[in-house]
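Dear colleague,

As agreed, I am handing over the structure, together with its sequence, so that you can look through it yourself. My notes come after it, and I would be glad if you read them with the model open.

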Amino acid sequence: MRRIFAFALFVTQASFLVTRLDAQYTDQQVDKRVNALLGRMTLEEKIGQLTQIFYMIPDGVKPEERIRKGQVGSFLFVTDPAVVNRLQHVAMEESRLRIPLLIGFDVVHGFHTIFPVPLAMAATWDPILVTRAQAAAAREADAAGTKWAFAPMVDIARDPRWGRIVEGAGEDPFLGSVMAKAQVSGFQGPYLGSPGHVLACVKHFAGYGAAEGGRDYDSVYLSESSLRNVYLPPFRAAVDAGVGCVMSAYMDLNDVPATGNRFLLRDILRQEWGFQGFVVSDAFSISDLVTHGFASDPADATWRAFSAGVDMDMGSNTYLQNLPRLVETGRVSRDAVDKAVRLLLAAKVRLGLFEHPYIDESQTKVVFADRASRTLARTAAARSAVLLRNENHLLPLSKTVASVAVIGPLANSQSDIEGPWSLAGDRAHAVTVLDGIRNKLGAAAKVEYARGGELRRVFPSFFDALFPAPKETPLTPAQATGEISDAVSLAAASDVAVLVLGETQKMSGEGASVSSLDLPGRQQELLKAVVNTGKPVVLVLITGRPLDISWAAEHVPAILEAWFPGTEGGNAIADLLFGDENPGGKLPVTWPRSTGQVPIYYAHNLTHQPDTGKGFTSRYWDLPSSPLYPFGYGLSYTDFSFSNLKLAQTEVFPGQTLYVSVDVQNTGSRTGSEVAQLYIHQRSGSTSRPVRLLKDFERVTLTPGEKKTVHFSLGKDELSFWSSAENKWVEEKATFDLWTGADSNAPLHAEFSVRE
């Protein structure tokens with residue numbers, strides 16, 4: 001899979017293997033320009049370059065005045081090209097040094113065109129598609145003047161209660177690493193400063209996804225083994241791919257806030273990994289070191305963050321207000337400030353901002369109007385959907401169906417189809433599920449809609465203050481019951497009901513953790529009532545996390561997890577429901593039966609009385625220990641078989657590569673995609689090892705009857721791990737189990753050994 005990925009990206013000029021920081025300018029050229037600027041800068045101007053300001057949050061000083069005084073090097077949340085040009089004009093014509101601004105934004109899953117959320121993109125198991133999607137997002141962002149994307153988020157998340165699980169690639173470090181590389185490549189292109197590309201910023205360093213109780217921002221306690229084997233690999237992959245920026249995280253890691261954590265930012269990131277870019281704090285996280293009880297006051301917070309390795313302060317103005325005094329008193333050296341400023345200036349040089357600070361606003365409109373991005377978004381949405389259930393082959397539906405009831409509070413919501421972090425999106429042209437089905441069937445069928453109730457957050461989102469939405473009057477209980485009754489009547493009068501349930505965009509993402517994975521609001525009541533009509537029901541889930549659908553998994557014949565699919569989501573879902581696309585997505589997370597099972601993940605260790613043991617029933621007396629759906633799971637409208645598993649040899653020495661092959665055949669009647677997955681288990685060693693670990697995969701598309709031999713490889717990187725007993729990376733003499741198949745329960749098995 002990795003060789004094919006690298007070749008394809010090379011062909012498309014987007015290979016993360018050739019991503020470099022110095023491809024457009026030589027190091028000597030960059031140094032010369034940076035040195036010339038540093039020699040002319042005052043201390044205040046240097047610290048200004050280390051300061052990023054929220055454009056829409058007033059701090060008592062007009063942005064233009066900050067620019068003129070050299071007190072700001074970057075703005076975030078500026079998406080209007082006219083405003084970008086105005087700010088850049090002040091920087092280039094009215095400031096002393098004429099240093100361009102670096103404009104940043106959360107380009108998480110698209111800019112003008114919204115792609116499926118990152119968790120959905122991980123469900124494609126298609127890194128080439130992921131690279132193409134982020135390249136399209138980068139092109140649109142660049143056209144609007146945003147040269148810096150606060151993405152990819154590569155935090156491993158094993159607790160679906162955590163709201164930001166939607167922004168990452170799920171629970172697995174190998175899949176997460178592949179997706180991290182693909183996204184960096186898409187954002188930055190072959191080199192930092194590639195035309196039509198932007199600076200990527202990998203976040204949140206590190207361990208943020210392991211917050212206690214799945215509560216956003218809460219403390220994290222991780223052993224070094226868990227940190228290095230599970231949570232750090234995607235970050236290392238991004239660094240190896242040439243990412244130009246790293247963002248520190250909000251939370252405490254083992255009682256030390258990540259934004260003031262020298263172990264993370266200096267020992268690992270700089271010294272072990274050799275990271276050459278710059279580090280930015282998350283929003284206000286430097287000033288929040290006081291809130292943590294870690295720093296005594298803002299000056300102490302400045303010293304702790306800066307000395308730990310944070311180069312730029314996002315949003316809090318803490319560096320601007322306190323760093324000059326720390327330098328004057330000798331607590332922070334001028335050389336240390338110069339080193340940080342060099343990194344920021346070098347990024348601006350490499351991005352070509354000095355030569356091209358302004359945006360051609362006419363070209364912005366041209367890029368935004370390019371239909372190729374919409375076409376790609378539709379493909380991505382179709383490829384990311386996961387078919388969870390399809391009893392008696394209810395799907396695909398016939399296009400000759402006479403009447404379709406489209407039901408649910410999310411079925412006709414343009415904002416919710418796009419999902420969280422879609423603030424710059426073209427919402428007016430977002431395609432809902434209702435729109436998509438009507439587009440598909442046209443006048444040939446009667447497609448009617450019933451909302452069936454409403455969905456609301458109990459507590460408001462912090463985004464509501466920044467981006468207020470129109471206020472609506474909540475339904476009374478009687479009105480809500482009436483809407484459910486109307487939906488049931490419509491379903492009863494139709495040939496088939498497509499029920500669209502899940503979460504609103506504000507129920508997922510930052511500040512959107514949940515205590516329960518139940519369907520929010522009265523959706524479960526609506527679901528049961530519609531199913532009780534006896535009409536065929538298809539459940540389409542619009543979500544940013546797994547939800548408790550245990551009842552549906554027994555009573556609803558067809559379930560399609562569509563995630564938050566983006567601008568073209570409704571069209572893509574209709575393509576899938578009516579057979580113009582064949583579902584091929586695979587779960588990037590383990591799907592729990594109930595909230596009480598979480599955190600749950602496939603790569604757990606063997607323990608006393610393992611669940612594979614004879615006579616094992618469950619670790620719970622009231623529920624099976626097994627998930628509802630395993631990691632890597634996903635159905636298709638066709639069938640596949642795995643056979644002829646071959647190992648080139650059954651013994652290898654440390655450092656050698658083991659080559660593996662398996663035949664995958666489409667045994668059904670439709671063309672479809674399967675993801676061949678390779679898992680291993682080390683039977684013994686210096687520490688206990690997980691029951692299975694994903695180590696390679698490849699998505700293949702096969703016509704009916706077609707067979708393909710898929711090739712895998714296992715080398716030192718795949719067979720090594722951080723041993724807590726040895727306190728180092730080891731590749732040990734041991735016997736290994738190997739499985740290949742369609743998910744983490746793959747049955748096709750072989751053995752091999754690493755010998756001394």
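Below is what I found, arranged by region and by kind of contact.

Please keep in mind throughout that this is a predicted model.

I begin with the strands. Towards the N-terminal part of the numbering, strand S2 (residues 74-76) and strand S3 (residues 102-105) run parallel and are joined by three bridges, and within this pairing leucine 76 stands opposite glycine 104 of S3. Strand S3 is covered on both of its faces, since Leu102 and Gly104 on one side are buried, as are Ile103 and Phe105 on the other. This arrangement can be read against the general rule that side chains in a regular strand alternate between the two faces of the sheet.

Further along the chain there is an open sheet of three strands, in the order S17-S19-S22 and with antiparallel pairing. Strands S17 (640-647) and S22 (707-714) stand at its edges, and because each has a single partner strand, one side of each is left without a neighbour in the sheet. Neighbouring strands of this sheet are turned against each other by 25 degrees on average, if direction is ignored. The antiparallel pairing of S17 with strand S19 (residues 658-666) extends over six bridges, and lysine 646 has serine 661, in S19, as its bridge partner.

Among the helices I would point you to H7 (residues 127-143), whose 17 residues should span 24 Å at 1.5 Å a residue, and whose end C-alpha atoms are indeed 24 Å apart, which agrees. Of these 17 residues 14 are buried, so H7 is largely enclosed by the rest of the structure. After H7 comes glycine 145, which has a positive phi, near 100 degrees.

The aromatic residues deserve a longer look, as the structure holds 23 aromatic pairs. In one of them, the rings of phenylalanine 105 and phenylalanine 111 have their centres 5.8 Å apart and their planes at 80 degrees, so the pair is edge-to-face; both of these residues are buried. Another edge-to-face pair is formed by tryptophan 162 and tyrosine 208, at 5.1 Å centre to centre and with 80 degrees between the planes. Tryptophan 162 lies in the loop between strand S4 (148-149) and helix H8 (173-188), whereas tyrosine 208 lies in the loop between strand S5 (199-205) and helix H9 (224-231), so this pair ties together parts that are 46 residues apart in sequence. Tryptophan 162 counts as buried at 0% relative accessibility, and tyrosine 208 is likewise buried, with a relative accessible area of 0%. Ring pairs also link Phe54, Phe77, Phe105, Phe111, Phe284 and Phe368 into a cluster, and Phe105 of this cluster is one of the buried residues of S3 mentioned above.

Two arginines are placed over aromatic rings: the charged end of arginine 304 sits over the ring of phenylalanine 294, 4.5 Å from its centre, and the charged end of arginine 692 sits over the ring of tryptophan 739, 3.9 Å from its centre.

Lastly, how many disulfides does the structure hold? There are zero disulfides. As for individual cysteines, cysteine 201 is buried, with a relative accessible area of 0%, and cysteine 245 is also buried, with a relative accessible area of 0%.

With kind regards

Conventions: Residues are numbered from 1 along each chain as its sequence is written. This is a predicted model: local features need pLDDT of at least 70, side-chain atom pairs count only at pLDDT 80 or more; totals for chains, interfaces and linings use all residues. Side-chain values use heavy atoms; hydrogens and water are left out. Two strands pair if DSSP finds at least two bridges between them. Helices (H or I, at least four residues) and strands (E, at least two) are DSSP runs, numbered from the N terminus. Axes are lines fitted to C-alpha atoms, for helices over the stretch in contact, and angles run from 0 to 180 degrees between N-to-C directions. A disulfide is a pair of cysteine sulfur atoms within 2.5 Å. Buried means under 20% relative accessible area, exposed over 50%, partly exposed in between (1.4 Å probe, protein chains only). Rings of Phe, Tyr and Trp (its six-membered ring) pair if their centres lie within 6.5 Å; planes under 30 degrees apart count as stacked, over 60 as edge-to-face and the rest as tilted. A charge sits over a ring if NZ of Lys or CZ of Arg is within 6 Å of the ring centre and within 35 degrees of the ring normal. The expected span of a helix is 1.5 Å times one less than its number of residues.
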